[in-house]
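Colleague: I am new to this structure and would like a close look at a single part of it, with enough of the surroundings to see where that part belongs. Please take it slowly.

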Amino acid sequence: MSKKAVRTDKAPAPAGAYSQGIVAGGFLFTAGFGPQDPETGEVAPTVGEQTAQVLANISAVLAEHGLTLDDVVKTTVHLQNLKSDFPEYNAVYEQHFSAPYPVRTTVGSDLADILVEIDVVAELRG
């Protein structure tokens, strides 16, 4: 199997032994991204603002390989407060994707000082 790392300064740098993204088997797989602004490190207070930043971070990684959120086929979403934050998160999420929407798994997770983390799988073009 061949795999290639994808890296950009327009998304938060890895905080450990992992890649921002990996291209393998006709897909680009991203790491789980949190809502840190890559330039300032700041985290917005609301789940809606955090969701928008997470999707901007993911979009930056996808763009490094010529992809967009329209190429995403699968998302996995972790929410700190699944019940109370789902409506606001989902409203922002829905603004960033178009039909047919990617398949999605959304779970409640004990996240470290953030409200949302998302990873995606995108199909490569051609």
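Which elements do the buried residues of α2 pack against?

Modeller: Please keep in mind that this is a predicted model. The buried residues of α2 pack against α1, β4 and β5, the last of these being the strand at 103-108. The buried residues in question are Asp85, Tyr89, Val92 and Tyr93.

Turning to the helix itself, α2 has 15 residues, which at 1.5 Å a residue should span 21 Å, and this agrees with the 20 Å that separates its end C-alpha atoms. The helix does have a kink of about 30°, and this kink is centred on Glu88.

The sheet comes next. Six strands make up an open sheet of mixed pairing, and their order is β1-β2-β3-β6-β4-β5. Because β1 (4-6) and β5 stand at the edges and each has a single partner strand, one side of each is left without a neighbour in the sheet. From one strand to the next, the twist averages 20°. Between β4 and β5, which run parallel, there are 6 bridges, and His78 stands opposite Val107 in β5. On this sheet packs α2, touching β4 and β5, with a direction that makes about 150° with that of β5.

The other element named at the start, α1, lies across β1, β2 (21-24), β3 (27-30), β4 and β6, and runs at about 30° to β6. Asn57 is found in this helix, and Asn57 counts as buried because its relative accessible area is 0%, whereas the cut-off is under 20%. Apart from neighbours within four places in sequence, Asn57 is in contact with residues that include Lys10, Pro12, Phe33, Gln36 and Pro38.

The helices and strands also meet in the nonpolar core. In soluble globular proteins, nonpolar side chains tend to be buried together. Here the largest nonpolar core has 26 residues, and those with the most contacts inside it are Ile58, Leu62 and Ile118. Two or more residues of this core come from each of α1 (47-63), β4 (72-79), α2 (82-96) and β6 (116-123), and α1 gives the most, with 7 residues. Ile118, leaving aside its neighbours within four places in sequence, is in contact with Val54, Leu55 and Ile58, and also with Thr75, Thr76 and Val77, among others. Thus the helix you asked about, α2, is one of the elements that give two or more residues to this core, and its buried residues pack against α1, β4 and β5.

Methods:
Residues numbered from 1 in each chain as written. Predicted model: local features only at pLDDT ≥ 70, side-chain atom pairs only at ≥ 80, totals over all residues. Heavy atoms only, no water. Core = buried A, V, L, I, M, F, W, Y, C linked by side-chain atoms within 4.5 Å. Buried < 20%, exposed > 50% of the residue type's maximum accessible area, 1.4 Å probe, protein only. Helix = DSSP H or I, 4+ residues; strand = E, 2+ residues; numbered from the N terminus. Contact = heavy atoms within 4.5 Å. Expected span 1.5 Å × (residues − 1). Bend = angle between axes of the 7 residues up to and from the residue. Pairing = 2+ DSSP bridges. Axes fitted to C-alpha atoms, helices over the stretch in contact; angles between N-to-C directions.
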